[in-house]
Each structure stands twice: as structure tokens, then as C-alpha cells.
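Trainee: I would like a close look at one single part, please, and then a walk from there through the rest. Could you keep it friendly for a first-year student?

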Amino acid sequence: MIFTFTGTGNSLYVAQMLAKQLGERITLIRDELATDPARRSINLRDERRVIWVFPIYSWGVPPVVKRFIRSVRFHAADGLGHHMVATCGDDAGLADKIWRRLITRRGWTPMGAYTVIMPNTYTLMKGFNVDPPALARQKLEGAPKRVEAIAGYIKGNLMETQVTRGRWAWIKTKWIYPWFQRHAMSPKPFHATDACVGCGECARSCPLENIVMYKRRPTWRDDCALCLRCYHICPQHAVAYGRATASKGQYLCPFTHLPQ
């Protein structure tokens with residue numbers, strides 16, 4: 001079984017390619033599955049393996065994925081190997097080590113850990129933006145071959161670590177990632193600009209149902225995954241994060257349909 005969390009579709013695209021090549025089914029970490037512990041009881045009796053597919057958050061594992069791993073209850077999961085396939089715009093730091101620690105603490109067996117380079121989506125800080133169209137296209141064109149190779153490693157149940165760590169990996173994961181979680185994940189700066197037409201697309205598409213419409217305007221509550229789907233999916237480019245997103249681009253993976 002593949003468990004995946006996705007914001008703009010990059011991780012879902014990778015999960016769908018893996019599912020096709022490995023004959024796996026996909027379970028999305030979203031809505032009640034991500035927020036309600038009472039619903040996190042899953043039978044793995046007929047499964048061959050567990051694959052975690054998620055985007056890298058500031059050189060670490062997304063908090064929503066960490067929360068799910070810590071609280072999900074698996075039945076008949078003995079003997080199953082767990083694999084990580086993470087999508088990142090450039091590099092992943094030591095995120096695989098965080099994932100391995102999370103899996104080990106649950107008494108599960110971590111196997112391979114891999115990264116797939118995909119178009120950048122983070123826009124909430126100075127200096128961060130989506131990739132130019134040519135670069136985004138180049139990354140997307142390279143993804144299928146990379147995923148095919150990863151599928152082969154997973155099929156062989158190999159304990160590989162093929163992660164693009166990048167420079168200063170220790171500093172990024174050990175220092176920047178904790179700071180990011182504490183100080184840069186608040187949903188409070190989210191708001192709708194005057195370009196908003198009240199279509200509700202942001203609220204319908206939010207994977208955690210964290211956005212509600214009030215008088216045809218979106219309001220962000222506190223359980224935000226900071227996946228930026230609301231920002232990137234807005235047809236009017238009316239979702240903003242303080243002033244940080246002014247004049248920045250939008251991106252949605254063109255090869256998958258985001259669930260609503």
C-alpha cells in the first residue's frame with residue numbers, strides 16, 4: 001500500500017506512477033484520515049509492503065505526515081518493509097533519517113529511502129518561487145525514469161538510500177527544519193486579496209478541510225498543513241500569504257487531478 005500526502009500534485013503523480021508499476025493501491029493522507037485518530041485503523045493483511053510518498057518540507061518530513069505515522073494503527077503489518085519516496089525541488093537534507101527514526105520507533109522495518117526531483121512549489125519566503133517553465137518541464141520529464149528505477153529497488157526489497165541531500169544537509173535539517181516548524185508554518189498570514197471572486201476552490205480542495213467560506217471569502221483555521229494547494233489552485237491568483245507571495249508564480253502538477 002502507498003500512503004501519500006500531496007499539495008500541488010507532485011507527490012501524487014509519483015505515487016500514481018509507483019502504484020501502476022508495483023501493483024499497489026494508494027491511500028491519501030487527508031481530511032479525517034489525517035486529523036481524526038479514531039479513523040486511523042488500517043488493515044494491511046493483503047499488502048506486500050508499505051510505501052510513504054510525500055513532499056519535503058524545509059529539508060524534513062511534513063508535520064502532517066509525522067503526525068499520521070505516529071498515530072496510525074496498522075493491523076497484520078508484521079514482516080512488511082517500509083519504503084520512503086520523497087519529492088523535492090532541489091534537495092532533501094537528512095529527511096530520510098527523520099523518516100527512518102519515525103518508522104523504527106513504531107516497531108516497523110525501514111527499507112529503502114529515495115528522492116525524486118520535481119518542480120519547486122514553495123513561495124512563502126523571500127528568495128523562494130516556483131521554477132521557470134523550462135526548468136519545471138525538465139524536472140517533470142526526468143521524473144518517470146527516476147520513478148521506474150525506484151520501483152525496481154522497491155520490488156527487490158532493497159535497503160537502499162538514494163537521497164539528494166544537497167550542501168549543508170546537517171544544518172538544514174537539524175537547525176532550519178525545527179525553526180521552520182516553530183516559526184514559519186502559521187496559517188495566520190493567509191488571506192484573500194480583492195481579486196477573490198468567492199468561487200470556493202481553495203476551500204473545496206484543501207486536503208485537511210482547513211478553509212471555510214464566510215460571506216464568499218475564505219478563512220483559514222489552525223489545522224493547516226502549509227501544502228500551498230490553496231495558493232496554487234486559485235484561478236484568480238487571489239490567495240496571498242502576507243506580502244511574501246506578491247508577484248510570485250503558481251504551479252500545479254499537470255499530470256494528475258487533485259482530489260476534492
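Trainee: What is the relative accessible area of W179, and does that make the residue buried or partly exposed?

Mentor: Let's start there, keeping in mind that this is a predicted model. The relative accessible area of W179 is 42%, so this tryptophan counts as partly exposed. Buried would need a value under 20% and exposed a value over 50%, so 42% falls in between.

Now find where W179 sits: it belongs to helix 6. Apart from neighbours within four places in sequence, W179 is in contact with M125 and A184. T121 makes a useful landmark on the display. T121 and W179 are 58 residues apart along the chain, and their C-alpha atoms are separated by 20 Å.

The helix that carries W179 leads us to the pocket. Helix 6 covers residues 169–183 and, like helix 1 (10–22) and strand 6 (81–88), supplies at least two residues of the lining of the largest pocket. Helix 6 gives the most to that lining, with four residues.

How is such a space found at all? Rolling a probe the size of a water molecule over the atoms shows where empty space is left. Here, the largest pocket holds about 730 Å³ of space. It is lined by 33 residues, and I56, S58, G89, N120 and Y122 are the closest to its centre. Sorted by class, 16 of the lining residues are nonpolar, 13 are polar and four are charged.

Let's step back to the whole chain for a moment. Eight helices and 12 strands make up its list of elements. Its C-alpha atoms fill a box of roughly 55 × 40 × 35 Å along the principal axes. A compact globule of 260 residues would have a radius of gyration near 18 Å, and the chain has 18 Å, so the two agree. Of those 260 residues, 56% are buried. The contacts say something about how the chain is put together too. Take the contacts between residues at least 6 apart in sequence: 76% of them join residues at least 24 apart.

Aromatic rings give us some pairs to inspect by eye. The count comes to 12 aromatic pairs. One of them joins W52 and F74, with 6.3 Å from centre to centre and 40 degrees between the planes, which makes the pair tilted. This pair links distant parts of the chain, with W52 in strand 4 (residues 50–55) and F74 in strand 5 (residues 73–75), 22 residues apart. W52 has a relative accessible area of 0%, so it is buried. F74 has 13%, so F74 is buried as well.

Compare that with Y114 and Y153. Their ring centres lie 5.7 Å apart and their planes meet at 15 degrees, so this pair is stacked. The pair again links distant parts of the chain: Y114 is in strand 7 (residues 109–117) and Y153 in helix 5 (residues 133–155), 39 residues apart. The two partners fall in separate accessibility classes. Y114 has 0% relative accessibility, so it counts as buried, whereas Y153 has 26% and is therefore partly exposed. W52 and F74 come up once more, since ring pairs link F3, W52, F68, F74 and W108 into a cluster.

Next, two backbone spots that deserve a click. E209 is not a glycine, and yet its phi is positive, at about 50 degrees. You will find E209 in the loop between helix 7 (201–205) and strand 10 (211–214). Its relative accessibility is 42%, so E209 counts as partly exposed. K215, another residue other than glycine, has a positive phi near 55 degrees. K215 is in the loop between strand 10 and strand 11 (217–220). At 67% relative accessibility, K215 counts as exposed.

One last stop is R105, in helix 4 (residues 95–105). Its relative accessibility is 65%, so R105 counts as exposed. Its C-alpha atom lies 29 Å from that of N210, and the two residues are 105 apart in sequence.

Let's return to where you began. W179 is partly exposed, and its home, helix 6, is the element that gives the most to the lining of the largest pocket.

How values were computed:
Residues numbered from 1 in each chain as written. Predicted model: local features only at pLDDT ≥ 70, side-chain atom pairs only at ≥ 80, totals over all residues. Heavy atoms only, no water. 1 Å grid on protein atoms, 1.4 Å probe; cavity = no way out; pocket = protein on both sides within 12 Å on 5 of 7 lines; lining within 4 Å. Points joined across faces, edges and corners; volume = space filled by probe spheres on them. Nonpolar A, V, L, I, M, F, W, Y, C, P; charged D, E, K, R; others polar. Phe/Tyr/Trp six-rings, centres within 6.5 Å; stacked < 30°, edge-to-face > 60°. Buried < 20%, exposed > 50% of the residue type's maximum accessible area, 1.4 Å probe, protein only. Rg over C-alpha atoms; globule rule 2.2 N^0.38 Å. Contact = heavy atoms within 4.5 Å.
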